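Please open the structure in a viewer in which residues can be selected by chain and number. The tour below proceeds from one selection to the next.

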Amino acid sequence: MPEQYDAIVVGSGACGGWASMALTQAGMRVLMLEAGSAIDPTDFHHTYLYQLKFRGRGAPGLLRRYSGSERNYRIMLDNQENPYTTAPDTSYQWGRSRCLGGRSLHWARASDRMADYEFKAASRDGYGMDWALNYSDLQPYYDRVERFIGVSGAAEGWPQFPDGVFLPVMPLNCAESVFTAACKSLGWPSTHRRLAQLTQAHNGRPACHYCGNCVNGCDIGAMFSTLSTTLHPALRTGKLELRTDSIVARVLMNGENRAGGVTYSERFTGKSVDVKAKHVILAASTLENTRLLLLSDKNGLANSSGTLGHYMIDQLSGGGVTGFLPKLKGGPSRLDDGKSAGITIPNVVNIDKGSARKDFIRGYVMNATGGQSEYPMFAASLPGFGSDWKREVKSRYVAQARIWIAGGEMLARKENRVELDPEVKDHWGIPVLKIHFTHSDNDHALMAHFQGKAEELFRRAGGEVMGGMGSGGPTGFPGAPGSPNAPANRAVADSDTSRGAAREGESPKRGAEPNAVPAKRRLGGAIHEVGTARMSSDARDGVLNSFCQTHDIPNLYVFGGNGFPSTGDKHPTLTMLALTARGCDHLLESAKGRGA
Amino acid sequence: MNDESFSRRTLLDSVIRISSLPAGMTFFSAWIRAAQQHRHGPGAGAPKDTSELANYKPQFFSPEDFEAVQSFTEILIPTDETPGAREAHCAHFIDFVLHAADGYSPDTQKQWRAAIAALREAGFHSADGSRRQALVAEMARPERDPSAHHPAFAPYRLIKRENTFAFYTSRAGSIDALDYRGNSINLEFPACTHPEHQRL
């Protein structure tokens, strides 16, 4: 007879880590199952590109197999073991990670609260479905999460960008100061990016030391991750059992319409193991959660609404401006990329009657930064050679600048969906996901508006636009996530921006001309995939309720981005964490009520 | 305190502060190790280049072609007041990458073979130093003048792109030439305090 746990948590990323901590601290015996390997945070350390044999690009073939870069592929994912497929009209790249801590180890740390106008977007513009909760429902959980993980930021009092419980901000670098002045000049709001990155010692964790290595695994735990923040409190309870290299294949049901446990395969032996629990929590990342629900019943588990797998959304990427701030040219080198941050320009469109647009609904947030970077992405596109060229590279190196879209809202559409591929299986013989994902005219119109505003800001800052820098920007190098020659299917930790490399054999456009805006840009995702098991007040309309509990199966919870009926214009992780904290409270209350 | 003034004393103070925090111990050993690697602060603390490129024997290019590629890279990024492609061993790195591509990137290798053939066709191999300089200038002209053409422009771009990568990812290019400050340990982030940046 297999042992029975109070709860099984599938996945160890941001949500899985929080759930394990919350439930064990409440006295539950929890089994955490992670598909990837254990990661030792003491393996994280600073590495210069010249210390890497292939300077970050990895040995030939390595980064076809793994996502990430030569530095961080170990905390990403083996694409050969874990394939997925896409429909013919889909170019979606699913950024994934399989290791203890998951994507929390290399996320962009952006921690913005969603505002009430986003939760009630459908009521405001008539499109889609409102969230099944309000800002006031989540506010105490945002507070709780921020207090625990530590978020640096400044309170601004903007209704569309709710303030939180903040640690002191990180100072602005020179480029960010110039962009801030430009925003003021245009009458636009701007503030420091709000990041789960400690600016002072907090809850036993040290402050950031501004090395800029965030996406390669923080070597001191100053950025929030499961490893740095939630795993140890859970382990300290003595109530958490952790099994890595355990690939969950399905949720088991008992005869009473309740989840009874899960079946997983041991990664290296392929041995199938059943484990039982009173509660099952899926926190394996949004699309993996949905895959598990699809794998667990021929019609999809908890799918009485028929919406499981549908309404997949991601925030928009594919635009932006890169170039230089002439004001900064020729200046001294400074630690510009040490915080991997920037400024945020909150959404200012479609937030009230005065800002309503006729050409598109919903909104977007912009980020801007610049200055010195690890690699001068623009250099190869700069005409010329010789000593003059070297001096020009050095002069521009400290004057780099970029603006990118941080949270462009994409509309939820039923036809954007995931299903099980009937033919393709992963290394363990488990059917993989097939993704159907395209963008709407509204998505293109919103992105075109962002592009115009980004160029307006860049011009106001006195910026000189140049293609060829890619979006690696301050932390980029060729082959890095977002760079023009980045391999397909790699995980990135931030929104993509311009891929404006000049075509070989052409003179790159330089000078005062802004980036040309094609009629329809090729839009991408931001590794902010959400939806596919949306929350609803009425069980007929969605898979989850506002506690991320499935409508159909009371002891089955799904934490991640699955419940999002819309993306909003904020990065999703903080909201996922707040939903998880709220869901865990609900689970514990329900369990108490049942005496479980 | 600015980034230049980072010292072992302040590092020690910081270590003591962090180690007094209970969970700070979790990452303490890693932090100490990282601190030891970068104990002199930004830039100046970047570790030595321990790669073996200086002793690398070309395996992809023939000796004659390697000499041509090496010469080309040094024209593109010469040694002047800062190190150039020679000190960064750019040609060696390019050869290393292309040799490693065996069995993985036949198209890349083919592209480079064609590029070298084009250089030879343009007379680069047999030219003396000043003629080589002039040839590179002719090949580069379409970069600034879209109406200009040169049969070796694509090879020029190919070598320039990879040479730029090889140089600015080397210690000579990143630290010595550009004075890259990241990857270091700092107690504070250096704020912009320049009045001219606070206004347009």
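The stops that follow concern strand pairings, a sheet with its helix, and a nonpolar core in this predicted model.

**Stop 1: strand β8 of chain A**

Begin by selecting residues 272-282 of chain A, which form strand β8. Add residues 4-10 of chain A, strand β1; the two strands pair in the parallel sense over six bridges. To locate this pairing, display A:Tyr5, which stands opposite A:Ala277 in β8(A).

Next, select residues 259-266 of chain A, strand β7, which pairs with β8(A) in the antiparallel sense over five bridges. Here A:Tyr264 stands opposite A:Val273 of β8(A). Following the chain from β7(A) to β8(A) traces a hairpin with five residues between the strands. In the turn, inspect A:Gly270, whose phi is positive, at about 75 degrees.

Then add residues 556-558 of chain A, strand β16, which pairs with β8(A) in the parallel sense over three bridges. A:Val280 and A:Leu556 in β16(A) stand opposite each other in this pairing.

**Stop 2: a six-stranded sheet and its helix**

Move now to the open sheet of chain A whose strand order is β4-β10-β11-β12-β9-β15, with antiparallel pairing. Which strands stand at the edges? Select 191-192 and 464-465 of chain A: these are β4 and β15, each with a single partner strand, so one side of each is left without a neighbour in the sheet.

Within the sheet, select β10 (residues 343-345) and β11 (residues 366-370) of chain A, which pair in the antiparallel sense over three bridges. A:Ile343 stands opposite A:Ala368 in β11(A). Add helix α6, residues 174-186 of chain A, which packs on the sheet and touches β10, β11 and β12 (400-405) of chain A. The direction of α6 makes about 135 degrees with that of β11(A).

**Stop 3: the largest nonpolar core**

Finally, select A:Ile8, A:Val10, A:Ala19, A:Ile281, A:Met366 and A:Phe559; of the 216 residues in the largest nonpolar core, these touch the most other members. Helix α11, residues 573-594 of chain A, gives the most to this core, with nine residues. Domain 1 (3-46 + 181-197) and domain 2 (53-177) of chain B both give residues to the core, so it lies between them.

Centre the view on A:Ile281 to close the tour. Leaving aside residues up to four places away in sequence, A:Ile281 touches A:Ala7, A:Ile8, A:Val9, A:Val10, A:Ala19, A:Tyr557 and A:Phe559.

Note on methods
Residues numbered from 1 in each chain as written. Chains lettered and ligands numbered in written order. Predicted model: local features only at pLDDT ≥ 70, side-chain atom pairs only at ≥ 80, totals over all residues. Pairing = 2+ DSSP bridges. Helix = DSSP H or I, 4+ residues; strand = E, 2+ residues; numbered from the N terminus. Contact = placed C-beta atoms within 7 Å. Axes fitted to C-alpha atoms, helices over the stretch in contact; angles between N-to-C directions. Core = buried A, V, L, I, M, F, W, Y, C linked by C-beta atoms within 7 Å. Buried ≥ 20, exposed ≤ 12 C-beta atoms within 10 Å, placed from the backbone. Domains from an automatic or database assignment.
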